[in-house]
Amino acid sequence: MARNEEKAQSMLNRFITMKAEEKKKPKERRPFLASECRDLSEADKWRQQIMREIGRKVAEIQNEGLGEHRLRDLNDEINKLIREKSHWERRIVELGGPNYAKHSAKMTDLDGNIVDVPNPGGRGPGYRYFGAAKKLPGVKELFEKPPELRKRRTRYDIYKRIDASYYGYRDDEDGVLERLEGPAEEAVRREAAEEWRRLDEVRREARKGVKSGEVAEVSAVAREMLREEEEEVVEEERQREKEEEKEKREFIVHVPLPDEKEIERRVLEKKKMELLNKYVSEGLMEEQTEAKDMLNIQR
């Protein structure tokens with residue numbers, strides 16, 4: 001053991017170590033602004049460096065025993081690195097490189113569902129929470145979905161679903177109603193035809209009995225039917241007489257109306273007066289009026 005320490009402290013080993021450090025290039029620092037980088041490979045290298053830093057801090061923030069203050073600081077540092085990474089990704093696109101932002105990872109809640117966190121500034125991703133920071137007080141409520149309130153349907157929504165089928169206008173199209181009502185309809189028609197034949201026979205017997213003078217043999221039903229037929233005939237005659245009276249009525253005018261010649265004369269006089277007012281002076285009109293009065297001319 002002591003021999004190894006002596007070797008390390010020997011002059012030769014120290015000389016070799018010094019020469020190796022001189023050959024190494026000085027450690028480069030990442031540019032503060034992504035726009036200062038002019039080389040695509042350099043921009044890609046700095047992006048990879050930021051990705052490694054983000055991965056290291058994300059692994060560290062998974063520990064819930066770090067405390068609230070440390071978790072918040074780590075989360076702020078991760079978001080700062082993410083914003084810086086987005087700057088370098090835009091710079092890579094400007095230099096003609098691939099667009100890494102198109103396939104970037106989405107933010108998820110505690111259940112693994114993707115959460116869209118917009119940025120109020122409108123550029124780049126919004127503020128994100130990672131690992132144990134999602135369970136901090138005041139943060140956990142952000143990932144909880146509000147209870148879905150059942151929206152009450154309006155009158156418009158109710159009537160929007162009502163069509164002709166609701167009122168039964170399309171019941172005959174499916175054929176079910178026809179199969180069910182077909183036998184019943186035939187039975188009703190058959191009964192109506194039999195009832196009409198029976199009443200027709202009763203009418204004939206009643207007419208024969210009236211013509212032959214056998215009034216006593218005519219049944220009460222037949223007499224009632226004959227009376228109804230007579231009333232129908234009388235009612236039809238009254239309706240016909242009323243229609244004839246309406247047709248015979250003449251329009252009576254209580255005010256005398258002018259005939260066509262009178263109307264033509266008045267229109268012609270009106271046109272004459274309009275022409276005179278347009279082309280004749282007022283003095284000439286007064287002289288003409290005085291002359292007509294002297295000669296007793298009415299027109």
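**Two helices and a core**

In this predicted model, the axes of helix α3 (residues 40-61) and helix α4 (residues 68-94) come within 9 Å and cross at roughly 160 degrees.

Visitor: So are α3 and α4 roughly parallel or roughly antiparallel?

Guide: Start with the angle: the two axes cross at roughly 160 degrees. Angles over 145 degrees count as roughly antiparallel. That makes the pair, α3 against α4, roughly antiparallel.

Visitor: What kinds of residues make up the contact of α3 with α4?

Guide: Before we get to that, note that α3 passes α4 in a left-handed crossing. As for the residues of that contact, they split into 15 nonpolar, one polar and 10 charged.

Visitor: Which element gives the largest share of the largest nonpolar core?

Guide: That core has 20 residues, and Ile-54, Ile-61, Ile-78 and Trp-88 have the most contacts inside it. The elements giving two or more residues to this core are α3 and α4. The largest share, seven residues, comes from α4.

Visitor: Ile-78 sounds popular. Which residues does Ile-78 touch, not counting those up to four places away in sequence?

Guide: Ile-78 is among the core residues with the most contacts inside it. Skipping residues up to four places away in sequence, Ile-78 touches Ile-54, Lys-57, Val-58, Ile-61 and Phe-130.

Visitor: And is Arg-91 buried or exposed?

Guide: Arg-91 sits in helix α4. Leaving aside neighbours within four places in sequence, Arg-91 is in contact with Ala-34, Ser-35, Cys-37 and Arg-38. Buried means under 20% relative accessible area. Arg-91 has a relative accessible area of 13%, so Arg-91 is buried.

Note on methods
Residues numbered from 1 in each chain as written. Predicted model: local features only at pLDDT ≥ 70, side-chain atom pairs only at ≥ 80, totals over all residues. Heavy atoms only, no water. Axes fitted to C-alpha atoms, helices over the stretch in contact; angles between N-to-C directions. Helix = DSSP H or I, 4+ residues; strand = E, 2+ residues; numbered from the N terminus. Parallel < 35°, antiparallel > 145°, perpendicular 65-115°, else oblique. Left-handed = near helix turned anticlockwise from the far one by under 90°. Nonpolar A, V, L, I, M, F, W, Y, C, P; charged D, E, K, R; others polar. Core = buried A, V, L, I, M, F, W, Y, C linked by side-chain atoms within 4.5 Å. Buried < 20%, exposed > 50% of the residue type's maximum accessible area, 1.4 Å probe, protein only. Contact = heavy atoms within 4.5 Å.
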